[in-house]
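I opened my notebook to look up a few things in this structure. These are my entries, in the order I made them.

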Amino acid sequence: MPCIRPVSDLRNNFADISKEIHETNEPIFLTKNGYGDMVVMSLDTFEKIKFENDIYFKLKEAELEANLTVKRYNHNEIFGNLRKTIEEKVR
């Protein structure tokens with residue numbers, strides 16, 4: 001269940017909020033005048049969400065690109081090309 005607190009708690013109880021965020025790895029939703037205003041989360045949680053979003057968008061981009069062509073590659077073709085590229089760069 002999401003943790004929802006008034007934005008004034010950020011000023012008045014910063015240490016408690018910081019502790020809770022780092023212990024639970026969950027964001028805290030802050031309200032202003034009863035309405036959602038902002039979300040506070042740990043840097044680790046933010047980076048994890050950003051990483052997952054980046055992967056999602058790259059997979060979506062690859063899916064869209066795959067829909068534009070019928071050419072498909074098998075495992076040996078992909079890793080063979082990767083090995084060849086790595087060997088060329090090492091030389």
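**Entry: Ser42.** I looked up Ser42 and found it buried, because its relative accessible area is 4% and the cut-off for buried is under 20%. I was reading a predicted model. Ser42 lies in the loop between strand 3 (35–40) and helix 3 (43–66). I then listed its contacts, leaving out residues up to four places away in sequence. Ser42 touches Ile21, His22 and Asn25.

**Entry: Ile21.** I followed the contact from Ser42 back to Ile21. With residues up to four places away in sequence left out, Ile21 touches Glu26, Ile28, Val40, Met41 and Ser42. Which residues make up the largest nonpolar core? I noted five: Ile17, Ile21, Ile28, Leu30 and Val40. Helix 2 (14–24) and strand 2 (28–32) each supply at least two residues of this core. I added a general remark: in soluble globular proteins, nonpolar side chains tend to be buried together.

**Entry: Asp9.** Is Asp9 buried or exposed? I have Asp9 down as buried, because its relative accessible area is 16% and buried means under 20%. Asp9 sits in helix 1 (residues 8–12). Beyond four places away in sequence, Asp9 touches Phe14 and Ile17. Ile17 is also one of the residues in the largest nonpolar core.

**Entry: salt bridges.** How many salt bridges does a search of the whole structure find? I counted five. As a general point, side chains of opposite charge can pair when their charged atoms come close.

I began with Lys19 and Glu23, whose side chains meet in a salt bridge at 4.0 Å, N to O. Both residues lie in helix 2, four residues apart, about one turn of the helix. Both are exposed.

Next I checked Asp54 and Lys50, which form a salt bridge at 3.4 Å, N to O. Because they are four residues apart in helix 3, about one helical turn separates them. Asp54 is partly exposed, with a relative accessible area of 34%. Lys50 counts as partly exposed too, at 42% relative accessibility.

Then I turned to Glu63 and Lys60, with side chains that meet in a salt bridge at 3.5 Å, N to O. This pair also lies in helix 3, three residues apart, about one turn of the helix. Glu63 is partly exposed at 42% relative accessibility. Lys60 is partly exposed at 35%. I also found a network: salt bridges that share partners join Arg5, Asp9 and Glu20. I wrote beside this that Asp9 is the buried residue from my earlier entry.

**Entry: nonpolar surface patch.** Which residues make the nonpolar surface patch of about 610 Å²? I wrote down Tyr73, Ile78, Phe79, Leu82, Ile86 and Val90. I picked out Ile86, which is found in helix 4 (residues 75–90). Ile86 is exposed, because its relative accessible area is 51% and the cut-off for exposed is over 50%.

**Entry: confidence.** Last, I looked up the pLDDT. The protein averages 94, and 100% of the residues score at least 70. Where is confidence lowest, and where is it highest? Helix 4 has the lowest mean, 92, and strand 2 the highest, 97. I marked helix 4 as the home of Ile86. I marked strand 2 as a supplier of at least two core residues.

Conventions: Residues numbered from 1 in each chain as written. Predicted model: local features only at pLDDT ≥ 70, side-chain atom pairs only at ≥ 80, totals over all residues. Heavy atoms only, no water. Patch = residues over 30% accessible without salt bridge, like charges linked within 9 Å, V, L, I, M, F, W, Y side chains within 5 Å. Areas by Shrake-Rupley, 256 points an atom, 1.4 Å probe, with all protein chains shown as cover. Buried < 20%, exposed > 50% of the residue type's maximum accessible area, 1.4 Å probe, protein only. Core = buried A, V, L, I, M, F, W, Y, C linked by side-chain atoms within 4.5 Å. Contact = heavy atoms within 4.5 Å. pLDDT = per-residue confidence, 0-100.
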